[in-house]
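Subject: Structure for your review

Hello,

Please find the structure below, with notes on what was found in it.

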Amino acid sequence: MLVLDTDHFSELERDLEPGKRLSQRLGLSSFDKAPTIITIEEQMRGWLAEIHRRDHLHRQIAPYAKLQRQVEAFADWIILPWDADSADLFVRLRRQGLRIGSLDLKIACIALAHDATLLTRNATHFAQVPGLRIENWLD
């Protein structure tokens, strides 16, 4: 299985060359592919913050439209959950002294719980997670 980190998923949504190459490569892969619920959380937080920064109702139209497109895009995917196995891994890694951001560690734990390879540009963030397979399909 391939787990798409937020950066990889975001590139698929853009109509730029890296996302097009990634889409083609994912299409050729025989592995199952999925983002995590944490990626959805990160994306939703971003769009909701953008909406709330805009006081004028008409200036909220564009970010609401982007939020809607994002929700619709997620509907086409199987989304990996934050579950008890992932939470247990998170606790164990924190107790071992692993210090990376909580959302990144949650994504890593979901990938580990599914014995998946994490597709990310942030290899340095994730490299310290023991047992996590990491690949960057964007660069």
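Setting aside residues up to four places away in sequence, serine 102 touches Phe90 and Arg94. Please bear in mind that this is a predicted model. Serine 102 belongs to helix H6. With a relative accessibility of 39%, serine 102 counts as partly exposed, since that class lies between the 20% and 50% limits. Its C-alpha is separated by 17 Å from that of valine 3, and the two residues are 99 apart along the chain.

Helix H5

Both partners of serine 102 appear among the buried residues of H5, which are Ser86, Leu89, Phe90, Leu93 and Arg94. How are these buried residues placed around the helix? Seen down the axis of H5, they fall within an arc of 130 degrees, so they line one face. The general rule behind such a pattern is that an α-helix has 3.6 residues a turn, so residues three or four places apart point the same way. On the other side of H5, Ala84, Asp88 and Arg95 are exposed. H6 is included in what covers the buried residues of H5.

As for its dimensions, H5 runs over residues 84–95, 12 residues in total, and reaches 16 Å from its first C-alpha to its last. That is close to the 16 Å expected at 1.5 Å a residue. Just after H5, glycine 97 takes a positive phi of about 90 degrees.

Helix H6 and the loop after it

Lysine 106 is another residue of H6. Lysine 106 has a relative accessible area of 23% and is partly exposed. Leaving out neighbours within four places in sequence, lysine 106 is in contact with Ile38, Trp82 and Phe90. Phe90 of H5 is thus a contact of serine 102 and of lysine 106. If you want a long-range distance to check, lysine 106 and glutamine 24 are 27 Å apart, C-alpha to C-alpha, with their positions 82 residues apart in sequence.

Between helix H6 (102–113) and strand E3 (117–119) there is a loop, and aspartate 115 is found in it. The phi of aspartate 115 is near 50 degrees, a positive value in a residue other than glycine. For background, most residues other than glycine have a negative phi. Aspartate 115 is exposed, with a relative accessible area of 53%.

Helix H4

H4 covers residues 61–74 and has 14 residues. From first C-alpha to last, H4 reaches 20 Å, close to the 20 Å expected at 1.5 Å a residue. Its buried residues are Pro63, Leu67, Gln70, Ala73 and Phe74. Which side of H4 do they take up? They cover an arc of only 120 degrees around the axis, which puts them on the same side of H4. These buried residues pack against helix H1 (6–13) and helix H3 (37–53).

Helices H1 and H3

Threonine 6 is found in H1 and is buried, with a relative accessible area of 13%. The side chain of threonine 6 makes a polar contact with the side chain of threonine 39, at 3.0 Å. Beyond its neighbours within four places in sequence, the contacts of threonine 6 are Thr39, Glu42, Gln43 and Ile107.

Glutamate 50 lies in H3. At 18% relative accessibility, glutamate 50 counts as buried, the limit being under 20%. Its side chain makes a polar contact with the side chain of arginine 54, at 2.6 Å.

The largest pocket

Which residues line the largest pocket? They are Ser10, Glu13, Arg14, Gln43, Trp47, Lys66, Arg69 and Gln70. The elements that give two or more residues to this lining are H1, H3 and H4. H4 gives the most, with three residues. About 230 Å³ of space lies in this pocket. Two of the lining residues have come up already: Gln43 is a contact of threonine 6, and Gln70 is one of the buried residues of H4.

Regards

Methods
Residues are numbered from 1 along each chain as its sequence is written. This is a predicted model: local features need pLDDT of at least 70, side-chain atom pairs count only at pLDDT 80 or more; totals for chains, interfaces and linings use all residues. Side-chain values use heavy atoms; hydrogens and water are left out. Helices (H or I, at least four residues) and strands (E, at least two) are DSSP runs, numbered from the N terminus. The expected span of a helix is 1.5 Å times one less than its number of residues. Buried means under 20% relative accessible area, exposed over 50%, partly exposed in between (1.4 Å probe, protein chains only). The arc is that of the directions from the helix axis to the C-beta atoms. Contact means heavy atoms within 4.5 Å. A polar contact is a pair of N or O atoms within 3.5 Å; within protein, one must be able to donate a hydrogen and the other to accept it, and residues adjacent in sequence count only if both atoms are side-chain atoms. On a 1 Å grid over the protein atoms alone, a cavity is a set of points where a 1.4 Å probe fits but cannot get out, and a pocket is an open set with protein on both sides within 12 Å along at least five of seven lines; lining residues have an atom within 4 Å of a point. Grid points are joined across faces, edges and corners, and a volume is the space filled by probe spheres set on the points.
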